[in-house]
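Got your viewer open? Load the model, switch to a cartoon view and follow along, one selection at a time.

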Amino acid sequence: MEPGSSKKKVAQGVAWASSAQWGGQLLSFGIYTGLARLLSPQVFGLVAIAGIYIAFMQIFVQQGFGTAVIQRRELEREHLDSAFWIATATALFLCLLSLLLGRQITRLFHEPKVTPVIEWLSLSFLFYALGSVPMALFSRELDFRPLAVSSVIATVVGGAVGLSMAYLGWGVWSL
């Protein structure tokens, strides 16, 4: 790759990543403002409690395989396959563990209503794992456009669904 081409690719990558970050934050602000008007603080509290557990477990799902894919000088198909299957197997294990131990986990928080929220949110481990290698490949190539576009689309669609559900009275499931 020529030096001029490399600089252009970096500049485009920064522009796409920045626009996704700023656009996503602005959209999220609007969406959560609407949700805050439609939902009670207790609903946000349940999701916040579940979010503590989900964020902690996400550390084990990530395990740095995406970073390894990005940083590896020579990348072979076997590396990608290994990273994908290890991340997926780990996510599946943690998802099943969360489903089996949901009630015991929520005892730590002294809030039994958070059990089904943790159980459903644990499915996000699988979605993250399935997308981790493709996201790492885009990042490796500094091709942030697909990541930016998919992120903004996901925010818009998720926000529209969440706001609609909140308006229709779905409560915690809106979030």
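Start by selecting helix 4 and helix 7: helix 4 passes helix 7 in a right-handed crossing. A crossing is right-handed if the near helix is turned clockwise from the far one by less than a right angle, and left-handed if anticlockwise. Helices here are DSSP runs of H or I with at least four residues, numbered from the N terminus. This is a predicted model, where local features need pLDDT of at least 70 and side-chain atom pairs count only at pLDDT 80 or more, while totals for chains, interfaces and linings use all residues. Residues are numbered from 1 along each chain as its sequence is written, and side-chain values use heavy atoms, leaving out hydrogens and water.

Helix 7 covers residues 124–140, and its axis comes within 7 Å of the axis of helix 4, crossing at roughly 160 degrees. Axes are lines fitted to C-alpha atoms, for helices over the stretch in contact, with angles from 0 to 180 degrees between N-to-C directions. That makes the two helices, 4 and 7, roughly antiparallel (an angle over 145 degrees).

Now show side chains. Among the helix 4 residues that meet helix 7 are Leu80, Phe84 and Cys95, and the helix 7 side includes Phe125, Leu126 and Leu137. Contact means heavy atoms within 4.5 Å.

Next, click on cysteine 95. Is it buried or exposed? At 3% relative accessibility, cysteine 95 counts as buried (under 20% relative accessible area, using a 1.4 Å probe and protein chains only). Leaving aside neighbours within four places in sequence, cysteine 95 is in contact with Ser122, Leu123, Phe125 and Leu126. Try the distance tool on the C-alpha atoms of cysteine 95 and phenylalanine 125: they are 30 residues apart along the chain, but separated by 6.5 Å.

Move along to threonine 90, also in helix 4, which spans residues 77–100. Threonine 90 counts as buried too, at 19% relative accessibility. Its side chain reaches the backbone oxygen of isoleucine 86 at 2.8 Å. Not counting residues up to four places away in sequence, threonine 90 touches Phe60, Val61 and Gln63.

For the last stop, add helix 2, residues 41–62, which packs against helix 4 at about 150 degrees with the axes 9 Å apart. That makes helix 2 roughly antiparallel to helix 4. Colour Tyr53, Met57, Phe60 and Val61 of helix 2, then Ala87, Thr90, Ala91, Leu94 and Ser98 of helix 4, to see who makes the contact.

How values were computed
Buried < 20%, exposed > 50% of the residue type's maximum accessible area, 1.4 Å probe, protein only. Polar contact = N/O pair within 3.5 Å; in protein donor to acceptor, adjacent residues only side chain to side chain. Parallel < 35°, antiparallel > 145°, perpendicular 65-115°, else oblique.
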